[in-house]
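Open your viewer, set a cartoon view with side chains ready to switch on, and follow along stop by stop.

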Amino acid sequence: MSELSPQQTRDRALELIRHPEYLRVLGIAGLVGVPVSLVAFGFLALLHAAEHEVWHTIPQALTGGEQPPWWWPLPMLALAGLGVGAVARWAPGHGGHTPVAGMGGPPPSASELPWVLVAALISLPLGAVLGPEAPLIAGGGGLALLAAHAFGISPGNRRALIVSGAGAAAAIAAIFGSPIVAAVLLIEMVQLSGAALSAVVLPCLLAAGVGSIVFTGLGLWSGLPIGSLTLPIPPGSAVRPDLGDLLWALPLAVVAAIGIRGVRGLAKQLAPRVAARPLSTTVLAALGVGACAAAYALLTGRSPAEVALSGQQTLAALAADPRAWPEAALLALVVFKGLGYALSLATLRGGPIFPAVSLGGALGVLAAPLPGFGAVPAMAAGMAAATVAMLPLPVSAVVLVVLLLGPLGFAMTPVVLIATVVAYMTEQLAEHGLNRAPLNP
C-alpha cells in the first residue's frame with residue numbers, strides 16, 4: 001500500500017475536523033478538563049500539606065528545631081522505599097513506570113490508575129527527589145479514558161487516544177500553572193504539522209484551557225495554596241544580559257548537560273536491577289537518597305530538605321537570595337541532590353523535570369561569581385540547559401524557563417536560547433556522535 005502524500009494527509013485531517021463525530025470528541029475533551037483539574041488540585045493540595053507536615057510540623061514538634069535534624073531523611077525515605085517497593089511488587093501496573101523512562105507511556109487502566117497516584121503520594125512527601133508531573137499526567141490520561149468510556153468511546157481507537165491526550169494536557173496545565181506550557185509540550189511531543197497537528201492538539205488545548213480555569217478558580221475559592229512557578233527574584237535584578245553572560249552560558253550549558261546525562265545514565269543502569277527485585281532494591285535505593293540528604297545536612301548544617309524533595313522550594317530560595325548560599329554548600333547541594341536524583345529516577349515514583357530545573361539553577365548560582373556573569377543570567381542558563389538535557393524538547397524547555405523567570409523572562413531569552421541549543425547539541429552528540437553521512441540535498 002502506498003503512503004499518503006503530505007497533501008492527502010492534510011486533506012484527511014481537515015475532513016476529520018469538520019466531521020460531526022470530531023465535534024463530539026472536542027466537546028468531550030472540554031468536559032474532561034473539569035474532573036482532571038479537580039483531581040490535580042486535590043492531589044497537589046494533599047501533597048503540599050503532607051510535605052509541610054513531614055518536613056516542618058512533625059520534626060519541629062519532636063525536636064524543637066527550626067529545621068529537620070540531619071538524620072530525619074533516613075526513616076522517611078525508608079518508609080517511602082518500603083511503600084513504593086510494595087506497590088511495585090504487588091499492585092496492578094506497578095504504580096506506573098519508573099521516572100527514568102520519562103513522562104510518556106500509555107495511560108493507566110482503571111485498575112492501575114489508583115496505584116499510580118498512591119505510589120506518588122508515598123514517594124513525594126517522604127523525600128523522593130522527583131516532581132509531581134509524571135504521575136499527574138498519567139492520572140489525567142487515565143481519568144480521561146474512563147470519561148471517554150462513559151461517553152461510549154472504546155479504548156484503543158483514535159477518539160480514545162485524543163481524549164486521553166486532552167486529559168494529560170489538562171494535568172500539564174494544572175502542574176505548570178499555564179496552558180501555554182501544555183500547548184508547547186504537546187505540539188513538540190506530537191511532532192505533526194498543519195491540519196494533522198490541529199486535529200490532535202485542538203481537543204488538548206481546549207481541555208488545558210478549561211482545566212486551568214477550574215484549577216485557578218478552586219485555588220481562589222478554597223484559599224488553599226496551589227503554588228506558583230514564578231521565581232521570587234528580588235527587585236533590582238532586572239538587567240539585560242551582556243556579552244559576558246552570553247559567553248559564560250556556553251560552558252555552563254555543556255557542564256549542565258554532561259551532569260544531567262551522568263545522572264540519567266546512573267539511573268538507567270540501576271533501573272533493570274530494581275525491576276528484577278523491586279521490594280528490596282527500592283528500599284535500599286531510597287535509603288541511599290536519605291543518606292545523601294543526611295550527609296548534606298551534616299556537612300553544611302543546612303536543612304536536609306534542600307536535597308530531598310523536588311527542589312521547587314530550594315530553587316525559590318536560591319532565586320530570592322543567591323548570595324546567602326556559600327559556595328561549599330552549593331557544591332554539596334549539586335553533588336548530593338544529583339546522586340539522590342539518580343537513585344529516585346531509578347526506583348521511586350514521580351516526575352523528572354523539577355529536580356533537573358533545581359539542579360540547573362543551583363549550578364548557575366555556583367557559576368555566578370565568574371567575572372562578567374550575573375546571578376540571574378547564570379540561573380537562567382543553568383535551568384535551561386539542565387531542563388533540555390533531561391527533557392529533550394528544546395522549545396518546551398525555553399518556554400518553561402522563561403515563564404519561571406517571570407517579568408525577567410523575556411529579557412533573559414537570549415541566554416535561555418543559547419544555553420538550550422548548546423545543551424541539546426551536547427546531549428545529542430554525546431548520545432549518538434557525529435553523523436558523517438552526506439546530507440541529502
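**Stop 1: aspartate 245.** Start by selecting aspartate 245, which sits in helix α9, residues 243-276. This is a predicted model, so please read every position and distance on the tour as a property of that prediction. Is aspartate 245 buried or exposed? Its relative accessibility is 5%, so aspartate 245 counts as buried, the cut-off being under 20%.

Now show what surrounds this side chain. Setting aside residues up to four places away in sequence, aspartate 245 touches Arg240, Gly372, Phe373, Gly374, Pro377 and Val415. Pick out glycine 374 from that group and draw a distance: its backbone nitrogen lies 2.9 Å from a polar atom of the aspartate 245 side chain.

**Stop 2: helices α13 and α14.** Next, colour residues 353-367 for helix α13 and residues 375-390 for helix α14. At what angle do α13 and α14 pack? The angle is about 145 degrees, and the axes are 7 Å apart. The crossing of these two helices, α13 and α14, is right-handed.

Switch on the side chains between them. From α13, the contact uses Ala356, Val357, Gly360, Gly361, Gly364 and Val365. From α14, the partners are Ala378, Met379, Gly382, Met383, Ala386, Thr387 and Met390. Sorted by class, the contact of α13 with α14 comes to 8 nonpolar and 5 polar residues, with no charged ones.

**Stop 3: helices α15 and α16.** Move along the chain and select helix α15 at residues 394-404 together with helix α16 at residues 413-432. Their axes come within 10 Å and cross at roughly 145 degrees. Here, too, you can look for the handedness: α15 and α16 make a right-handed crossing.

Which residues of α15 and α16 meet? On the α15 side, show Pro394, Val398, Val401 and Val402. Facing them in α16 are Thr413, Val416, Leu417, Thr420 and Tyr424. By class, this contact of α15 with α16 holds 7 nonpolar and 2 polar residues, and no charged ones.

**Stop 4: valine 289.** Select valine 289 in helix α10, which covers residues 278-300. With a relative accessibility of 1%, valine 289 counts as buried. Show its contacts, leaving out neighbours within four places in sequence, and you should find Leu77, Gly127, Val129, Gly340, Leu343 and Ser344.

For a view of how the chain returns to this spot, add lysine 337. Valine 289 and lysine 337 are 48 residues apart along the chain, yet their C-alpha atoms are separated by 8.4 Å.

**Stop 5: the loop after α10.** Go on to glutamate 306, placed in the loop between α10 and α11, the latter being residues 312-320. Why does glutamate 306 count as buried? Its relative accessible area is 13%, and buried means under 20%, so the label applies.

Beyond its neighbours within four places in sequence, glutamate 306 is in contact with Tyr296, Thr314, Trp325, Leu333 and Lys337. Choose tyrosine 296 from these and check the side chains: glutamate 306 and tyrosine 296 make a polar contact at 2.5 Å. Then add phenylalanine 336, which is 30 residues from glutamate 306 in sequence and 9.9 Å away in space, C-alpha to C-alpha.

While you are in the loop between α10 and α11, select leucine 309 as well. Leucine 309 is not a glycine, but it has a positive phi of about 70 degrees. At 10% relative accessibility, leucine 309 counts as buried.

**Stop 6: histidine 94.** For another positive phi, jump to histidine 94, in the loop between α3 (73-90) and α4 (113-123). Histidine 94 has a phi of about 60 degrees, again without being a glycine. How accessible is histidine 94? It is partly exposed, with a relative accessible area of 45%.

**Stop 7: two cysteines.** Now select cysteine 204, which is buried with a relative accessible area of 5%. Cysteine 292 is buried as well, with a relative accessible area of 5%. How many disulfides are there in the model? The count comes to 0 disulfides.

**Last stop: the whole chain.** Clear your selections and zoom out. The secondary structure comes to 16 helices and 0 strands. Of the 441 residues in the protein, 51% are buried. Among contacts with a separation of 6 or more, 79% are between residues 24 or more positions apart.

How values were computed: Residues are numbered from 1 along each chain as its sequence is written. This is a predicted model: local features need pLDDT of at least 70, side-chain atom pairs count only at pLDDT 80 or more; totals for chains, interfaces and linings use all residues. Side-chain values use heavy atoms; hydrogens and water are left out. A disulfide is a pair of cysteine sulfur atoms within 2.5 Å. Buried means under 20% relative accessible area, exposed over 50%, partly exposed in between (1.4 Å probe, protein chains only). Axes are lines fitted to C-alpha atoms, for helices over the stretch in contact, and angles run from 0 to 180 degrees between N-to-C directions. Helices (H or I, at least four residues) and strands (E, at least two) are DSSP runs, numbered from the N terminus. A crossing is left-handed if the near helix is turned anticlockwise from the far one by less than a right angle, and right-handed if clockwise. Contact means heavy atoms within 4.5 Å. Ala, Val, Leu, Ile, Met, Phe, Trp, Tyr, Cys and Pro count as nonpolar, Asp, Glu, Lys and Arg as charged, and the others, Gly among them, as polar. A polar contact is a pair of N or O atoms within 3.5 Å; within protein, one must be able to donate a hydrogen and the other to accept it, and residues adjacent in sequence count only if both atoms are side-chain atoms.
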